[in-house]
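Q: Got a minute to go through this model with me? I'd like to work outward from one helix and see how the fold hangs together.

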Amino acid sequence: MSEAVAEHVSLYARPLATGKNEKRVLKLAKKATRRKQIKRGIKEVVKAIRKGSKGLCILAGDISPLDVISHLPVYCEENGIPYIFVPSKEKLGTAALSKRITSCIMVLEAAAGSELHERYNESVETVKQLTAQQ
């Protein structure tokens, strides 16, 4: 991770995807967006979690002020939803095929047997490994 990106990432952004893991998670987000399998933004993500949707929550690590998304990791843990931080809100917005930056997205669980389902499972395993390391 470059120093320019590292100085903007919050200390609380753990588990943080970097390098190959970051690319894998962002690629999943892009593919899910094309298939309309995401919820974009804090309001939509919280609403989806409250309704019982399952998926992978991807949060931007450089949000300021952090209080905007500080409740999401706790909310995800309470509901058994894996979550991961990526270093840049700009990259997250681009991966979600949006012209605007995005603070968080939730990739909804895909139907079994699809290519998206395989990528989803790989990303969830990556998140579990990163969580176990930290």
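**Starting from α2**

A: Sure. Helix α2 has 15 residues and reaches 21 Å from its first C-alpha to its last, close to the 21 Å expected at 1.5 Å a residue. Bear in mind that this is a predicted model.

Q: Which residues of α2 are buried?
A: Asn 21, Glu 22, Val 25, Leu 26, Leu 28, Ala 29, Lys 31, Ala 32 and Thr 33.

Q: And what do the buried residues of α2 pack against?
A: Quite a list: strands β1, β2, β3 and β4, plus helices α5 and α6.

Q: What happens to phi just after α2?
A: Lys 36 sits there, with a positive phi of about 60 degrees.

Q: OK, on to the sheet. What's the strand order?
A: The order is β1-β4-β2-β3, in an open sheet of four strands with mixed pairing. At the edges are β1 (38–40) and β3 (83–86), each of which pairs on one side only. From one strand to the next, the twist averages 20 degrees.

Q: In which sense do β2 and β3 pair, parallel or antiparallel?
A: Parallel, over four bridges, with β2 covering residues 55–60. One of the bridge partnerships puts Leu 59 with Phe 85 in β3.

Q: Which strands does α4 touch?
A: Helix α4, residues 71–78, packs on the sheet and touches β2, β3 and β4 (104–108). The direction of α4 makes about 155 degrees with that of β3.

Q: Where does α6 lie?
A: Across β2, β3 and β4, running at about 60 degrees to β2. Helix α6 takes in residues 115–133. With 19 residues, α6 reaches 28 Å from first C-alpha to last, close to the 27 Å expected at 1.5 Å a residue.

Q: Which α6 residues are buried?
A: Leu 116, His 117, Tyr 120, Ser 123, Val 124, Thr 126, Val 127 and Leu 130. In general, an α-helix has 3.6 residues a turn, so residues three or four places apart point the same way.

Q: What covers the buried residues of α6?
A: The cover includes α2 (20–34), along with β2, β3 and β4. Going the other way, α6 is among the elements that the buried residues of α2 pack against.

Q: Switching topic: where is Ser 103 found?
A: In the loop between α5 (89–95) and β4.

Q: Is Ser 103 buried or exposed?
A: Buried: the relative accessible area of Ser 103 is 16%, and the cut-off is under 20%.

Q: What is Ser 103 in contact with?
A: Leaving aside neighbours within four places in sequence, Ser 103 is in contact with Ile 42, Ile 58, Leu 59, Ala 60, Ile 63, Ile 69 and Leu 92. Leu 59 came up earlier as the bridge partner of Phe 85.

Q: Zooming out, what pattern does the protein chain follow along the sequence?
A: The pattern is α-α-β-α-β-α-β-α-β-α, which comes to six helices and four strands. The protein chain has a radius of gyration of 13 Å, close to the 14 Å that the globule rule gives for 134 residues, so it is as compact as a globular protein of that length.

Q: And what size of box do the C-alpha atoms fill?
A: Roughly 40 × 35 × 30 Å, taken along the principal axes.

Q: Any numbers on burial and contacts?
A: Buried residues make up 47% of the 134 residues. Of the contacts between residues at least 6 apart in sequence, 82% join residues at least 24 apart.

Q: How much accessible surface belongs to carbon and sulfur atoms?
A: That share is 49% of an accessible surface of about 7700 Å².

Terms used:
Residues are numbered from 1 along each chain as its sequence is written. This is a predicted model: local features need pLDDT of at least 70, side-chain atom pairs count only at pLDDT 80 or more; totals for chains, interfaces and linings use all residues. Side-chain values use heavy atoms; hydrogens and water are left out. Two strands pair if DSSP finds at least two bridges between them. Helices (H or I, at least four residues) and strands (E, at least two) are DSSP runs, numbered from the N terminus. Axes are lines fitted to C-alpha atoms, for helices over the stretch in contact, and angles run from 0 to 180 degrees between N-to-C directions. Contact means heavy atoms within 4.5 Å. The expected span of a helix is 1.5 Å times one less than its number of residues. Buried means under 20% relative accessible area, exposed over 50%, partly exposed in between (1.4 Å probe, protein chains only). The radius of gyration is taken over C-alpha atoms; the globule rule is 2.2 Å times the number of residues to the power 0.38. Accessible areas come from the Shrake-Rupley method with a 1.4 Å probe; for residues, only the protein chains shown count as cover.
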